[in-house]
Amino acid sequence: FIPFTLAPFAKGSESYFDLLYYGNTTVGLDNLTISADTSKSNYTHLLVYATSSFVEQTTPGMVALHDQLASISDIGFVGEDLNLDDIGGVVSWNPPVNVSRVEHYIVYMS
């Protein structure tokens, strides 16, 4: 059993003393899910250490956190179906200012 430790690295920290433990997993699993709406506080990186009962990896693998907001605005619907209880028409919106991380849009009825 060798757990992998995942911890964010704080912005401006030159050492690894400002770590926040998040979780671990066993060998054979190469991922760990971070729950939606987890606050990233002032942390800017995720660190992953391989550990054993003898030692923890000296230099972790790390990745920068990129958390961006991409909200549409001015959503509209022009209904063109004249039948009662049916809809048809065009849904439109203004895209986010920065679409660099947007892959597609999903439309739901609620």
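Among contacts in the protein chain between residues at least 6 apart in sequence, what percentage join residues at least 24 apart? The figure is 38%. Keep that number in mind as you look around this model, which is predicted.

**Stop one: the whole chain**

Start by selecting the protein chain and showing it as a cartoon. You will find six strands and zero helices. Reading from the N terminus, the order of elements is β-β-β-β-β-β.

Now switch on the surface. The protein chain exposes about 9,000 Å², and 56% of that area is supplied by carbon and sulfur atoms. Of the chain's 110 residues, 15% count as buried.

**Stop two: the largest pocket**

Next, select Ile-34, Thr-38, Ser-39, Lys-40 and Leu-65, and centre the view on them. You are now looking at the largest pocket, whose volume is about 330 Å³. Those five residues are the closest to the pocket's centre, out of 14 that line it. Sorted by class, the lining of this pocket holds eight nonpolar residues, together with three polar and three charged ones. How can a pocket be found at all? Rolling a probe the size of a water molecule over the atoms shows where empty space is left.

**Stop three: Ala-64 in strand S4**

Select residues 61-64 to bring up strand S4, where Ala-64 is found. Then add Thr-44 and His-45 to your selection: leaving aside neighbours within four places in sequence, these are the residues in contact with Ala-64. For a distance to try in the viewer, pick the C-alpha atoms of Ala-64 and Leu-47. They lie 9.0 Å apart in space, while 17 residues separate the pair in sequence.

Is Ala-64 buried or exposed? The answer falls in the middle: Ala-64 is partly exposed because its relative accessible area is 33%, and that class runs between the limits of 20% and 50%.

**Stop four: Gly-76 in strand S5**

Move on to residues 73-79, which make up strand S5, and highlight Gly-76 within it. Which residues does Gly-76 touch, not counting those up to four places away in sequence? Show Val-90, Val-91 and Ser-92 to see them.

Another distance to draw runs from the C-alpha of Gly-76 to that of Asn-94. Here the gap in space is 9.4 Å, and the two residues are 18 apart in sequence. With a relative accessibility of 24%, Gly-76 counts as partly exposed, because buried would mean under 20%.

**Back to the full view**

To finish, zoom out until the six strands are in view again, and look for Ala-64 in strand S4 and Gly-76 in strand S5.

How values were computed. Residues numbered from 1 in each chain as written. Predicted model: local features only at pLDDT ≥ 70, side-chain atom pairs only at ≥ 80, totals over all residues. Heavy atoms only, no water. Helix = DSSP H or I, 4+ residues; strand = E, 2+ residues; numbered from the N terminus. Buried < 20%, exposed > 50% of the residue type's maximum accessible area, 1.4 Å probe, protein only. Contact = heavy atoms within 4.5 Å. Areas by Shrake-Rupley, 256 points an atom, 1.4 Å probe, with all protein chains shown as cover. 1 Å grid on protein atoms, 1.4 Å probe; cavity = no way out; pocket = protein on both sides within 12 Å on 5 of 7 lines; lining within 4 Å. Points joined across faces, edges and corners; volume = space filled by probe spheres on them. Nonpolar A, V, L, I, M, F, W, Y, C, P; charged D, E, K, R; others polar.
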